[in-house]
Amino acid sequence: MAEFKEISPNAPLGAKVGNWFNNRFPTAGAAYRDHLSEYYTPKNFNFWYFFGSLALLVLVIQIVTGIFLVMHYKPDAAKAFESVEYIMRDVPWGWLVRYMHSTGASAFFVVIYLHMYKSLIYGSYQKPRELVWVFGCSIFLVLMAEAFMGYLLPWGQMSYWGAQVIVNLFSAIPFIGPDLALLIRGDYVVSDATLNRFFSFHVIAVPLVLLGLVVAHILALHDVGSNNPDGVDIKGPNAPKDENGNPLDGVPFHPYFTVHDIFGVAVFLMVFSAVIFFAPEFGGYFLEYNNFIPADPLKTPAHIAPVWYFTPYYSMLRAITGEMMYVLVFCVAAAAAFIAVKSRLPGLFKGVIALVAAVAILVMLAIDAKFWGVVVMGGAVVILFFLPWLDYSPVRSIRYRPGWHKWMYGAFVVNFFVLGYLGVQPVSDLGGRVSQVGTLFYFGFFLLMPWWSRLGTFKPVPDRITFAAH
Amino acid sequence: MSDTPVDPSKRTWLIASGCAGVVAAPFVATPFVSSFLPSERAKAAGAAVVVDISGIAPGEKVTVEWRGKPVWIMKRTPEQLASLAKVEGELADPNSQRTAYPTPEYAQNQHRSIKPEVFVAVGICSHLGCSPSDRFQTGPQPSLPDNWSGGFLCPCHGSTFDIAGRVFRNKPAPDNLEVPPHMYLSDTRVVIGEDKKA
């Protein structure tokens, strides 16, 4: 137990109250100091550093609006669609709460994608921040599950058929797949049972996991300290410090970055409100038009596509056809041959790798392309987790990497957008070919990173951050 | 850390109760996981459906619900039946030999049905469960090859099926459309969900 502090009876009332609490709950004061008033944050944060706090803001918006929606929503296949329309038409201000929640879902992914992109270009996942990154990727994965299950709840055509497609992804898994899909649906098709359990997951189970992961993400970040656009370590043993041992290149998070982030919040809320009030459907991207038709288990809409934030992955799923499997088999064979010829591993290892490759090729040919489409789609998210161990760049920030690395990252972003665009479009021959090339590039970018990320001439990293007082 | 020596008897009991807990965990999990399975009511909803097909004109298709799934009943025209032999070379499994959705013996033929003209199938794509749409119009058209001779197109991922629900090669769907167990009560009444096995 901490020492009990007595305070002068003549002290002002505020100080007395503060002391009373501090003697009984010192944890609160310590947390305030550790995470706000004495958490030193690099001074050179730029635009990209708004998105972490904005993600937290959107999480709060989603929880608060969600609580109010649950007061009127009915998780029943016969009533769900109607109850959402009831919220939109009859509940006072219900339309606003619903649009805040539906726009919030898309805003969440906008903010998270930008937040992840910042880590990508500034190497924020590199040692010692691997766990911060892994927790972050887990948040992304859990958020996808949360968004997917939430999308079923309005029980429109897109809700229904989107869920049907995604749940059937699991049935592609050999042996256990069909039973697993049955276990998820709780019926032979997506039905009332599915709606009820998705409601339960969306409203309580997944948000609890999400909150736990967010806490872990922030605690881990504050243990190792924030990275910055220069990738310079401001708290390391050689970093310049003042007489109290605080980094000269950092300022306390509160009040400096709390005020800074309030500016970001204001700008974000302007854009967010503009969407809510003027374009809540966002041209069919945030709320798809087919979802204004009640779910009909007997009729699939002529064109179904997931909501925009899933479409890059959806494109990759569609890219894996029987023909594409031969390309992938060739890639595996080429990788094994390359290792056998070029690497300096002992012969035994090479033999093992060749054997593993041969087995992989056999399995790839034996199981349907449908299953591999699912593997590729899942792999596209899972591969992000391994980024800290794929990047061999000696510097963190893109600022000090060879110039052509910027082109690599640029191409990666363009590729991601192209895949996303194709995922919204109906299938076409050209689109299919482009998404196959895009899928290969996406995986090539990550899997070949141990090789390309150390090539080129790196610029010298300065000892101090680049910062001019303003 | 304290310097008290380890009491081995306490440790044995701790390990034993820990093991007992590990054994108990799956037992505790069983009711929770089992509650995810289809309920008795959902299982009971799988009863057979009787359909009167006398009103279906050649070239027409009706959809009925069986176990929550769309079941198609279609009367095919002689031209449509003639197209079956023509497309055989482009199909993934022309003789319906794959076993993921086993085709009943009485439908393991070119037209995949008991009566050649009447086609009964579950209208759910074997890829990811969308319901394919009718594309009976022949000839070139969007999303279909130029030599299209009528069939079904899945709007989700572009799998194509011929007029007997047989999937074309190099498409995401691995299997032909499922033919549900069915039998004729009379010339015009068909039962979906039950059949006479020998």
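These questions and answers walk through a predicted model. Residues are numbered from 1 along each chain as its sequence is written, and chains are lettered from A in the order in which they are written. Local features need pLDDT of at least 70 and side-chain atom pairs 80 or more, while totals for chains, interfaces and linings use all residues.

Visitor: Which helix gives the most to the largest nonpolar core?
Guide: The core has 107 residues. Such a core is a set of buried Ala, Val, Leu, Ile, Met, Phe, Trp, Tyr and Cys residues joined through C-beta atoms within 7 Å. Buried means 20 or more other C-beta atoms within 10 Å of a residue's own, with C-beta atoms placed from the backbone. With 11 residues, the top contributor is chain A's helix (a DSSP run of H or I, at least four residues, numbered from the N terminus) α6, residues 130-152.

Visitor: How is α6(A) oriented to α9(A), and why?
Guide: Helix α9 of chain A spans residues 192-224. The axes, lines fitted to C-alpha atoms over the stretch in contact, give angles from 0 to 180 degrees between N-to-C directions. Here the angle is about 160° and the axes are 9 Å apart. Angles over 145 degrees count as roughly antiparallel, so α6(A) and α9(A) are roughly antiparallel.

Visitor: How many residues of chain B are in contact with chain A?
Guide: Contact means C-beta atoms, placed from the backbone, within 7 Å. Chain A brings 31 residues to this contact; chain B brings 25.

Conventions. Buried ≥ 20, exposed ≤ 12 C-beta atoms within 10 Å, placed from the backbone. Helix = DSSP H or I, 4+ residues; strand = E, 2+ residues; numbered from the N terminus. Parallel < 35°, antiparallel > 145°, perpendicular 65-115°, else oblique. Contact = placed C-beta atoms within 7 Å.
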